[in-house]
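Open the structure in your viewer and keep the sequence panel visible. This tour goes from the whole chain down to a single residue.

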Amino acid sequence: MLNKLILRAFLSISLALSFTGAVNATLISQDILFNSEFDAVDEFEVIGNVTINLDTMDDAGFVENTWESFSFFGYEVDTFDPVFDTFLAAVDVNDLAAGLNFLYFDVTVFADLSFSGVIDAYAIDPVLENITFSLFNNANEALYDAGTLAFGKATAVPTPATLVLFLTAVAGLVVRRKNH
């Protein structure tokens, strides 16, 4: 009886660990908030979203020139489009649930339209320090300063390995219950 129990435990553990190497990485998705009035701190609205894959993160927590999805004012910026200039996101590797700490982007959506901005989660006064969003019309070379950007709620999507481990444990309990 004990040998069967140990054998089943090792089988369950090996099955669970075999799936952990083949799963997708954790994704962090975060809203981008916008405020066009510099004196109204609490009146931010969601204007975009950025999702990064932690597989592309370096040891210091930086993700450079790659993202899973990036939308801004309803425009989806193509990840593989060679015309984007710069994209840099920073994450605290010790607290992934906190989301992004820093985001700098300078992207071209169409040949005539570019967005650039900086969001720093550690800015002391977000209204004064985050006046860093601009919209640039490449056709007539017009630059429009728009307002303040901030981070919204972050969502960390865990790896499916957690689900595999949980399901393996449930299957083990079901098998054990049937035997008794």
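The stops below give a selection to make and what to look for there.

**Whole chain.** Start with everything shown, and keep in mind that this is a predicted model. Colour by secondary structure: the chain has 3 helices and 10 strands. Followed along the sequence, their order is α-β-β-β-β-β-β-β-β-α-β-β-α. Now switch on the surface. The chain exposes about 11000 Å², and carbon and sulfur atoms supply 59% of that area. Of its 180 residues, 34% count as buried. Among contacts between residues at least 6 apart in sequence, 50% join residues at least 24 apart.

**Strand β1.** Select residues 27-35, which form β1. How many of the residues of this strand are buried? The count is 7 of 9, so the strand is mostly covered, buried being under 20% relative accessible area. Add β2 to the selection: β1 and β2 run antiparallel and are joined by 8 bridges. For one position in this pairing, pick Ile28, which stands opposite Ile52 in β2.

**Thr56.** Move on to the loop between β2 (45-53) and β3 (62-64), where Thr56 lies. Is Thr56 buried or exposed? Neither: Thr56 is partly exposed, because its relative accessible area is 37%. Show its side chain, which reaches the backbone oxygen of Asn53 at 2.6 Å. Leaving aside residues up to four places away in sequence, Thr56 touches Phe62, Val63 and Thr66. Finally, select Trp67: Trp67 and Thr56 are 11 residues apart in sequence, and their C-alpha atoms are 8.5 Å apart in space.

Technical notes
Residues numbered from 1 in each chain as written. Predicted model: local features only at pLDDT ≥ 70, side-chain atom pairs only at ≥ 80, totals over all residues. Heavy atoms only, no water. Helix = DSSP H or I, 4+ residues; strand = E, 2+ residues; numbered from the N terminus. Buried < 20%, exposed > 50% of the residue type's maximum accessible area, 1.4 Å probe, protein only. Contact = heavy atoms within 4.5 Å. Polar contact = N/O pair within 3.5 Å; in protein donor to acceptor, adjacent residues only side chain to side chain. Pairing = 2+ DSSP bridges. Areas by Shrake-Rupley, 256 points an atom, 1.4 Å probe, with all protein chains shown as cover.
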